[in-house]
Amino acid sequence: MVDFTGYANKVLLSDTFDFTIDEVTTVLRNIGLINEKNICREEQMEKYIFLYGDEQEVYNREERKFIEGVGNIFIYREFHKKTKRGTMPCRVIAAEIETIEPIKSSVFFMKEINKAIGGYTVFFIKANSEFYIGMRLFGHDVKEDCMLSGPIVTCEDIEEICDRLMFVPDCDDFVSYYSAMASALEYMSEKYEDYDAQIIKRRGIQYPYLEMLSDIEKIFGLSVSKEKIRYYDSFEMEPEKNFLCLLKETYSELNFIESFKANTVEMLFEAEEMAQLAARTEEEHNLFLANHQEEEIKEYDSEIKDYLDDPEMMINLLKKKKNL
């Protein structure tokens, strides 16, 4: 059984298991994406798309070439979640893709599955030595119909995303399940260049800082040459592209992948989800206002008590509260 806790944090996840049905199934159970009842079958992606996918869809040459090149994929048995207007078929699909563009190939794979197969799909993708967890998105731009986690490379990365997936409820309500999955897969931007670092670069080289380093060198006799080199180099290095920026560029590059039909079940869900999220947002807003008003009342009562023996100050306070 694959147990990530038995490895050092920086060990590559790809070195801890082989991409076979048995070992992938164990991994997916360990991270909570499937349960013991989810059995799996192995199928060629080409067969899965063209035999089981929607017959109304049309695929161009680039799409067909990609679909034929993926090879075998693992499809886990569907489970169903309830919506107000019926049920949503859900499934997990895993695939190993050999590619020089892990992000693009992962998004390409998800978009082709979404185009061919209705319902909601969670993806577990190995692209070279990187892993990604993705899912179908509803209620978004049709060009961005899927979400992709940041690259999962080490055991530390998979443990981190496991901690987030723990908050996904094991419930029958699809909207709750879907919303929690989307939250769990949100990209962790702090792994990349942070906002403060970007601000420092925009300001340019600060010569007072270099003068301060020179003073330290003179007064304390310490060598600061390495820090000066590091400081200069930090402005000369090309800024690393943020993962979310790369993902946006990928969506744009793959905007030719379009569905030729409208799925009424999914359209109904989108309307339902938007209504539920709107109601939830309004409820949270009202709760915030109620708490805020309660705090104001407590503060107001406290101030009045302070001036019980000073009628003039109490009158001024009341005028202030009434904006008079």
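**From a buried strand residue to two nonpolar cores**

Isoleucine 73 has its place in strand E2 of this model, which is predicted rather than determined by experiment. With a relative accessibility of 0%, isoleucine 73 counts as buried, because the cut-off for that class is under 20% relative accessible area. Once its neighbours within four places in sequence are left aside, isoleucine 73 is in contact with Arg41, Glu42, Glu43, Met45, Tyr48, Ile93, Ala94, Ala95, Phe109 and Ile113. For one of these partners a backbone separation can be given: the C-alpha atoms of isoleucine 73 and tyrosine 48 are separated by 8.8 Å, and the two residues are 25 residues apart along the chain.

From here the view can be widened to the nonpolar cores. In soluble globular proteins, nonpolar side chains tend to be buried together. The largest nonpolar core of this model has 39 residues, and the members that touch the most others are Tyr120, Phe124, Ile133 and Met181. At least two residues of this core come from each of helix H1 (21–30), strand E2 (72–76), strand E4 (86–97), strand E5 (120–127), strand E6 (130–136), helix H5 (155–165) and helix H6 (174–184). The element that gives the most to this core is H6, with seven residues. A second, separate core comprises 31 residues, among them Phe108, Tyr132, Tyr251 and Leu254.

Phenylalanine 124 repays a closer look: leaving aside neighbours within four places in sequence, phenylalanine 124 is in contact with Phe17, Phe19, Val24, Val27, Leu28, Ile31, Ile93, Ala94, Ala95, Phe131, Tyr132 and Ile133. Lysine 126, a charged residue, is found in strand E5. Is lysine 126 buried or exposed? Its relative accessible area is 11%, so lysine 126 is buried. Not counting residues up to four places away in sequence, lysine 126 touches Ser14, Phe19, Ala95, Glu96, Ile97 and Phe131.

The last stop is a pair of helices. The axes of helix H4 (residues 102–116) and helix H10 (residues 243–253) come within 10 Å and cross at roughly 50°, which means that H4 is oblique to H10. The crossing of H4 and H10 is right-handed. On the H4 side the contact is made by Ile103, Lys104 and Val107, and on the H10 side by Phe243, Leu246, Leu247, Thr250, Tyr251 and Glu253. By class, the residues of the contact of H4 with H10 divide into six nonpolar, one polar and two charged.

Note on methods:
Residues numbered from 1 in each chain as written. Predicted model: local features only at pLDDT ≥ 70, side-chain atom pairs only at ≥ 80, totals over all residues. Heavy atoms only, no water. Core = buried A, V, L, I, M, F, W, Y, C linked by side-chain atoms within 4.5 Å. Buried < 20%, exposed > 50% of the residue type's maximum accessible area, 1.4 Å probe, protein only. Helix = DSSP H or I, 4+ residues; strand = E, 2+ residues; numbered from the N terminus. Contact = heavy atoms within 4.5 Å. Axes fitted to C-alpha atoms, helices over the stretch in contact; angles between N-to-C directions. Parallel < 35°, antiparallel > 145°, perpendicular 65-115°, else oblique. Left-handed = near helix turned anticlockwise from the far one by under 90°.
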